[in-house]
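Me: I am new to this structure and would like a close look at a single part of it. Please take one helix, say what it packs against, and then move outward to whatever else can be described with care.

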Amino acid sequence: MAQEKKWYVIYTRPRWEKKIALLLLDKEIEHYCPLNKITKQWSDRKKIIEEPLFKGYIFVKRGVHDKWDIKMIPGVLNYVHWLGKPAVVKESDIKIIKKFLQEFNDVEVTDANIAMHEKVQVKQGLMMNYKGIVLEVLGNKAKVKIDSMGLILTAIFEQKNLEKI
């Protein structure tokens, strides 16, 4: 009786994603470590390198009964858990990531935590503690409208410097 295999996400030691992928390959364990092609500039040349898209994570496809042997591989810290159980990723989500990386280079992963028309407060910098409304989300930045002294100011902030209110 063949057991159904599912995709799980494992935490890795920092900067060990490719090493663990090679170890999984040696053990013939189905895995996916999405690699992003990035152009790096040195003083004398440009080079395209592959970096893990999700830093510190690898996807593994395992059956329910044989998923725990993954933790014996050096560099694997644990499974990503959701509601007390190892989180399962849909096969369709893995296919979407693969297709996306085939079509695009220099992909950037950001949290989708700030949305348009949301009220936010600036956490640091010159405009610290000012409140405003998000007009546009631009990758990891957001354009915010701030009403102050009867004037409307519009500025672009890093999303990490904004918090929802």
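Reply: In this predicted model, the buried residues of helix H2 pack against five strands, namely S1 (5–12), S2 (31–32), S3 (35–41), S5 (57–63) and S9 (88–89). The buried residues in question are Ile-94, Ile-97 and Leu-101. Seen down the axis of H2, these buried residues fall within an arc of 60°, so they line one face of the helix. There is a general reason for such a pattern: an α-helix has 3.6 residues a turn, so residues three or four places apart point the same way. On the other side of H2 the exposed residues are Lys-95, Ile-96, Lys-99, Gln-102 and Glu-103, and Ile-96 thus appears among the exposed residues, whereas Ile-94 and Ile-97 are buried.

The length of the helix can be checked as well. H2 comprises 13 residues, from 91 to 103, which at 1.5 Å a residue should span 18 Å, and the C-alpha atoms at its ends are 19 Å apart, which agrees.

Beyond H2 the chain continues into a loop that leads to strand S10 (119–122), and His-117 is found in this loop. His-117 has a phi near 70°, a positive value in a residue other than glycine, and with a relative accessibility of 61% it counts as exposed. A second residue of this kind is Leu-83, whose phi is positive at about 55° although it is not a glycine. Leu-83 sits in the loop between strand S7 (81–82) and strand S8 (85–86), and because its relative accessibility is 74%, it counts as exposed. As background to both cases, most residues other than glycine have a negative phi.

Elsewhere in the model, the largest pocket holds about 230 Å³ of space. Its lining consists of Arg-15, Glu-17, Lys-18, Glu-50, Glu-51, Pro-52 and Lys-55, of which six are charged, one is nonpolar and none is polar. Helix H1 (17–26) and strand S4 (46–52) each supply at least two residues of this lining, and S4 gives the most, with three residues. Arg-15, another of the lining residues, lies in the loop between S1 and H1, and at 75% relative accessibility it counts as exposed. The C-alpha atom of Arg-15 is separated by 24 Å from that of Arg-45, which is 30 residues away along the chain.

Methods. Residues are numbered from 1 along each chain as its sequence is written. This is a predicted model: local features need pLDDT of at least 70, side-chain atom pairs count only at pLDDT 80 or more; totals for chains, interfaces and linings use all residues. Side-chain values use heavy atoms; hydrogens and water are left out. Helices (H or I, at least four residues) and strands (E, at least two) are DSSP runs, numbered from the N terminus. The expected span of a helix is 1.5 Å times one less than its number of residues. Buried means under 20% relative accessible area, exposed over 50%, partly exposed in between (1.4 Å probe, protein chains only). The arc is that of the directions from the helix axis to the C-beta atoms. Contact means heavy atoms within 4.5 Å. On a 1 Å grid over the protein atoms alone, a cavity is a set of points where a 1.4 Å probe fits but cannot get out, and a pocket is an open set with protein on both sides within 12 Å along at least five of seven lines; lining residues have an atom within 4 Å of a point. Grid points are joined across faces, edges and corners, and a volume is the space filled by probe spheres set on the points. Ala, Val, Leu, Ile, Met, Phe, Trp, Tyr, Cys and Pro count as nonpolar, Asp, Glu, Lys and Arg as charged, and the others, Gly among them, as polar.
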